[in-house]
Amino acid sequence: MTMSSKASKEELVSWEGWQQHRDPDAGNDLVERYLPLVDYVIQRFMINLPKTVDKDDVRSLAYEGLLDAFDKFDIERGLKFETYASWRIKGAIIDGLRHSDWLPRSVRDKVKKIEQAYALLEQQNNQSVTDAEVSMYLGITVKELNKTVSEAALSAMISIDEAVNDDSESTGKHQLIQSGKEGSPEHHLSEQLIKEALMRAIERLPEKERIVIALSYYEELKLTEIAEVLGVSVSRISQLHSKAILRLQAAVLSVNEAY
């Protein structure tokens, strides 16, 4: 059995009891051990969600994600369970919110058009474009652009369980995660192109958006903490974060279309 070296003997026994025998006591022990992870993911998610989203609903979806992670985690792959479970929990929350239609279809369509506009304009100009340029291209006001981005903060996230079309089957993004040396040359080339595109896109981000991305993903600060650092509101940080993610997704979109 391959598992993180930090796992205790008791935890290893629980994993064995659950995966080999579906022992309820072992399952309960694992759930108790990883409930703090659920609370951590929920806390970070709620910051970005509209006030209309009920926290109890999010918690229920998160628990479903944790239980799904227990069922599908493959110890032999050598991944840390905390990492895998975080992906599954986030995916369950996002998928659940999508299925509940919390975001109107019209807003989703607007977000898609904004993302495509960023991809086209930044590819043409080879530099970051302004809100005014994107708004002019789409024939909307800057106020309308910002309103759409704020309403659709969560839509910038991608669920790892969203179906990925494959030549042989439809699978979830989490199953494409590789444990190290696996992967075809085409996969590695695509991955390298995407990394390079993201690096260039991050370098081109407007200063405030670049700072938010750096503090969020490199320093792992919460949006509330970033708001305190920059001296602005949490809603403003959420807006900057969403715009930055749309720009980065546009960079990935350009690579996928060209590859």
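Visitor: Which residues touch the most other members of the largest nonpolar core?
Guide: Happy to start there, keeping in mind that this is a predicted model. The largest nonpolar core holds 27 residues. In soluble globular proteins, nonpolar side chains tend to be buried together. The members touching the most others are W15, Y34, L66, F70, F81, I89 and I93.

Visitor: Which helix gives the largest share of this core?
Guide: At least two core residues come from each of helix 1 (9–21), helix 2 (24–48), helix 3 (55–72) and helix 4 (81–99). The largest share is 8 residues, and the helix supplying them is helix 2.

Visitor: How many residues are in the other core that lies apart from it?
Guide: That core includes V107, V134, V149 and A250. Of these, V107 is also listed with the buried residues of helix 5. The count for this other core is 14 residues.

Visitor: Good, now the rings. Are the planes of F70 and F81 stacked or edge-to-face?
Guide: The model has 8 aromatic pairs. For F70 and F81, the ring centres are 5.1 Å apart and the planes meet at 5 degrees. Planes under 30 degrees apart count as stacked, so the F70 and F81 pair is stacked.

Visitor: How many residues apart in sequence are the parts that this pair ties together?
Guide: Both F70 and F81 are buried. F70 belongs to helix 3 and F81 to helix 4, so their pair ties together parts separated in sequence by 11 residues.

Visitor: What kind of pair do F73 and Y84 make?
Guide: F73 sits in the loop between helix 3 and helix 4, while Y84 is in helix 4. Each is buried, F73 with a relative accessible area of 4% and Y84 with 4%. Their ring centres are 5.5 Å apart with planes at 45 degrees, so the pair is tilted.

Visitor: Which residues do ring pairs link into a cluster?
Guide: The two pairs just described, F70 with F81 and F73 with Y84, both belong here. The whole cluster is W15, Y34, F70, F73, F81 and Y84.

Visitor: What distance separates the end C-alpha atoms of helix 5?
Guide: Helix 5 runs over residues 105–125, which makes 21 residues. At 1.5 Å a residue it should span 30 Å. The model agrees, because the end C-alpha atoms are separated by 30 Å.

Visitor: Do the buried residues of helix 10 line one face, or are they spread around it, and what arc do they fall in?
Guide: The buried residues of helix 10 (223–230) are L223, I226 and A227. They line one face of the helix, because seen down the axis they fall within an arc of 105 degrees.

Visitor: Which exposed residues does the face turned away carry?
Guide: After helix 10 comes G231, with a positive phi near 70 degrees. The helix face turned away from the buried side carries the exposed residues E228 and V229.

Visitor: Is D131 buried or exposed?
Guide: D131 is found in helix 6 (residues 131–138). Leaving out residues up to four places away in sequence, D131 touches Y118, V142, L145, N146, K243 and R247. Its relative accessibility is 19%, and under 20% is the cut-off, so D131 counts as buried.

Visitor: Over which residues is the pLDDT below 50?
Guide: The mean pLDDT of the protein is 76, with 75% of its residues at 70 or more. One stretch falls below 50, although the model gives it 51 contacts beyond near neighbours in sequence. Where pLDDT is low, the predicted coordinates should not be read in detail. The stretch to treat this way is residues 157–181.

Conventions
Residues are numbered from 1 along each chain as its sequence is written. This is a predicted model: local features need pLDDT of at least 70, side-chain atom pairs count only at pLDDT 80 or more; totals for chains, interfaces and linings use all residues. Side-chain values use heavy atoms; hydrogens and water are left out. Helices (H or I, at least four residues) and strands (E, at least two) are DSSP runs, numbered from the N terminus. The expected span of a helix is 1.5 Å times one less than its number of residues. Buried means under 20% relative accessible area, exposed over 50%, partly exposed in between (1.4 Å probe, protein chains only). The arc is that of the directions from the helix axis to the C-beta atoms. pLDDT is the predictor's confidence in each residue, from 0 to 100. Contact means heavy atoms within 4.5 Å. A nonpolar core is a set of buried Ala, Val, Leu, Ile, Met, Phe, Trp, Tyr and Cys residues joined through side-chain atoms within 4.5 Å. Rings of Phe, Tyr and Trp (its six-membered ring) pair if their centres lie within 6.5 Å; planes under 30 degrees apart count as stacked, over 60 as edge-to-face and the rest as tilted.
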